[in-house]
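Reader: Hi! Could you walk me through this one? I'd like to start with the ligand and then wander about a bit.

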Amino acid sequence: MFSGSRKARKLPNDGPGNAWYETLPPPPPARVVNGTVRADFAVIGAGTCGCAVARRLAELRPDDRIVLVEATRVGYGTSGRNAGFMLDHHSHGGMKHMEAAAKNDRLFAAGTAYLRNLVAEHQIQCDWSDWGRIYVAAEDTTQSALQGVADGFDRLGVPWQPVDRDGMEEITGTRFYRHGVRAEGSALVQPAAMMRGLAATLPMNVTLFEDSPVLELATRGGLRLVCPEGVIEADQVILANHVFAEELGFLKHRIVPLATFASLTRPLNEVEKAQVGSEGEFGLLPANANGSTVRLTRDGRILMRNTLHYARAKHFPPELMAEVAGNHRHSIAGRWPGLADVEFAGTWGGILGFTRNEGTVFGAIGPGLWAVMTADAAPMTKGAISGKLLAEHICGLDSELLGVLLSLPKAALMPPDPILRFLVNREIGKAAATGPGER
Ligand SMILES: Cc1cc2nc3c(=O)[nH]c(=O)nc-3n(C[C@H](O)[C@H](O)[C@H](O)COP(=O)(O)OP(=O)(O)OC[C@H]3O[C@@H](n4cnc5c(N)ncnc54)[C@H](O)[C@@H]3O)c2cc1C
């Protein structure tokens, strides 16, 4: 059991280049933790999980003071630097345990509905689009992975339609893709704008502090979060700081930190737009793990996401970013040769979490201490609903959906490095070998 003090060994260091964030107007100056701040609840991390926990706690405990403390700025971290797919259902060929997959799928759907309602209710300007998504395969050799997606949807009872090569060309303007599985319902968003909007519309009894990394979590004389210029004293603390929980000494060996990378182009001009299909936007998810997530955004930009990297170091050196930008340029040229030289507004990295068993990190981890983390498939929507449900769990509000989440297996222990590094790199290598032309 935890007692004493734990210092953060590493702090978020995602680096610049998050074009979603950087193309938004600059935010107002951050409110920084200064002096001593008192709170009933302190939530560490203002991503999809942390914002949802803070919001729901504030709704359920209107007389309590909730503090949400973020190391950087809202929208700058992973929840604001993803590909923007808010998935209500997800399928992949590796789904072995259908009972667990079906439970997870309910959480994805509930998370999407939750976010959709918040965005509508607060009129959050984040280019929310119900276009859906197409899972794609570019090679005949990866057709079996796409078949796995289709079979998974069948077993989950999610409707889908096949798209052939001509159909893919009509939608995307390229014959790069041979097959697609189209499913409707999921949303596409500008993730940094969505996160900023969610944080800006938190209830009045939530105080958001940014640029305030928690350097230390101490229990002497109550729970204390030490920040560079002040201290938060709280009755209860919720860790929603994703893969950085282990850097504060919690939840070690439960989550694999895996980096992936994206580039966003400048808006295409009219001549360039004529090359990218007829629907004005699209969102493509690769059936093979080596493949690329690709979007045409509503404002006419191409998003290209690919390249996986074991990310225990949790930062991205310039030579890696240069290699990634080269990968993205190559991927765009392979699909649309006429767009090979379109400038990038930014290239960035971020870290996803994966468990060994598609398990959960959710609930009490010590006296007055709670944790929620989103990992594996559909993490944005799963994280939003998990955060909401954690607040309800803390406040003793039971529901069928909370029962579903609690019935999922806990994230299983994983081996330490260098074994884990070896195993992860082997999996990345396998994906590259089975789908060499997918990227
Ligand atoms: C390129 C890319 C594309 C992706 N695409 C998708 C997608 O399309 N759909 C999808 O569902 N998911 C996607 N993901 C994954 C998804 O973005 C993450 O799984 C999700 O954002 C995790 O949410 P979170 O709230 O758990 O963590 P985060 O968003 O990482 O939030 C945790 C916050 O905690 C803060 N923090 C950490 N340590 C401290 C500390 N000591 N003190 C204070 N604050 C701290 C961090 O700064 C961070 O803002 C993608 C990820 C990447 C990198």
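**Around the ligand**

Author: Happy to. A nitrogen atom of the ligand sits 2.9 Å from a polar backbone atom of Phe85. Keep in mind that this is a predicted model.

Reader: Thanks. Which residues come nearest to the ligand?

Author: There are 34 residues around the ligand, and those that come nearest are Glu70, Ser79, Phe85, Val214 and Met380.

Reader: And which backbone atoms lie 3.4 Å from an oxygen atom of the ligand?

Author: A polar backbone atom of Gly84 is 3.4 Å from a ligand oxygen. Pro379 also has a backbone N or O atom 3.4 Å from an oxygen atom of the ligand.

Reader: Pro379 makes me curious about α9. How does the span of α9 compare with what its 16 residues should give?

Author: Helix α9 covers residues 379-394, and at 1.5 Å a residue it should span 22 Å. The C-alpha atoms at its ends are 21 Å apart, so the two values agree.

Reader: Is α9 mostly covered or mostly open?

Author: Mostly covered: 14 of the 16 residues in α9 are buried.

Reader: What about the residues on either side?

Author: Ala378 lies in the loop between β19 (369-373) and α9. Its phi is near 45°, a positive value in a residue other than glycine. After the helix comes Gly396, with a positive phi near 75°.

Reader: Why would you call Ala378 buried?

Author: Because its relative accessible area is 8%, and buried means under 20%.

Reader: Where else is there a positive phi in a residue that is not a glycine?

Author: Thr307 has one, at about 80°. That residue lies in strand β16, residues 302-310. Thr307 counts as buried because its relative accessibility is 9%.

Reader: Remind me why those angles catch the eye?

Author: Most residues other than glycine have a negative phi, and most peptide bonds are trans.

Reader: Then which peptide bond is cis?

Author: The one from Asp417 to Pro418, with omega near 5°. Pro418 belongs to the loop between α10 (400-407) and α11 (419-434).

Reader: Switching to empty space. How many cavities of 30 Å³ or more are there?

Author: The count comes to four. The largest cavity has a volume of about 60 Å³.

Reader: Which element gives the most to the lining of the largest cavity?

Author: That would be α2, with four residues. At least two lining residues come from each of α2 (48-60), α3 (98-121) and α6. Among the residues that line this cavity are Thr48, Arg55, Tyr114, Met195 and Ala384.

Reader: So α9 reaches that lining through Ala384. How do the lining residues of the largest cavity divide by class?

Author: They divide into nine nonpolar, one polar and one charged.

Reader: How about the second largest pocket, what is its volume?

Author: About 430 Å³. It is lined by 17 residues, and the closest to its centre are Arg31, Ala199, Ala200, Leu208 and Glu210. The elements giving two or more residues to that lining are α6 (191-200) and β9 (206-209). By class, the lining of the second largest pocket has 12 nonpolar, one polar and four charged residues.

Reader: Nice. Last topic: Lys96, Pro162 and Arg312. Where is Lys96, and is it buried or exposed?

Author: Lys96 is in the loop between β4 (85-86) and α3. With a relative accessible area of 69%, Lys96 is exposed. Its C-alpha atom is separated by 11 Å from that of Gly148, 52 residues apart along the chain.

Reader: And Pro162, buried or exposed?

Author: Pro162 counts as exposed, at 64% relative accessibility. Its place is in strand β6, residues 161-163. Pro162 and Gly15 are 147 residues apart in sequence, and 39 Å apart in space from C-alpha to C-alpha.

Reader: That leaves Arg312. Where is it found?

Author: Arg312 is in the loop between β16 and α8 (318-335). This arginine is buried, with a relative accessible area of 18%. From C-alpha to C-alpha, Arg312 and Val243 are 9.4 Å apart in space, and they are 69 residues apart in sequence.

Reader: Great, thanks for the tour!

Methods
Residues are numbered from 1 along each chain as its sequence is written. This is a predicted model: local features need pLDDT of at least 70, side-chain atom pairs count only at pLDDT 80 or more; totals for chains, interfaces and linings use all residues. Side-chain values use heavy atoms; hydrogens and water are left out. On a 1 Å grid over the protein atoms alone, a cavity is a set of points where a 1.4 Å probe fits but cannot get out, and a pocket is an open set with protein on both sides within 12 Å along at least five of seven lines; lining residues have an atom within 4 Å of a point. Grid points are joined across faces, edges and corners, and a volume is the space filled by probe spheres set on the points. Ala, Val, Leu, Ile, Met, Phe, Trp, Tyr, Cys and Pro count as nonpolar, Asp, Glu, Lys and Arg as charged, and the others, Gly among them, as polar. The expected span of a helix is 1.5 Å times one less than its number of residues. Buried means under 20% relative accessible area, exposed over 50%, partly exposed in between (1.4 Å probe, protein chains only). A residue is near a molecule or strand if one of its heavy atoms lies within 4 Å of it. A polar contact is a pair of N or O atoms within 3.5 Å; within protein, one must be able to donate a hydrogen and the other to accept it, and residues adjacent in sequence count only if both atoms are side-chain atoms.
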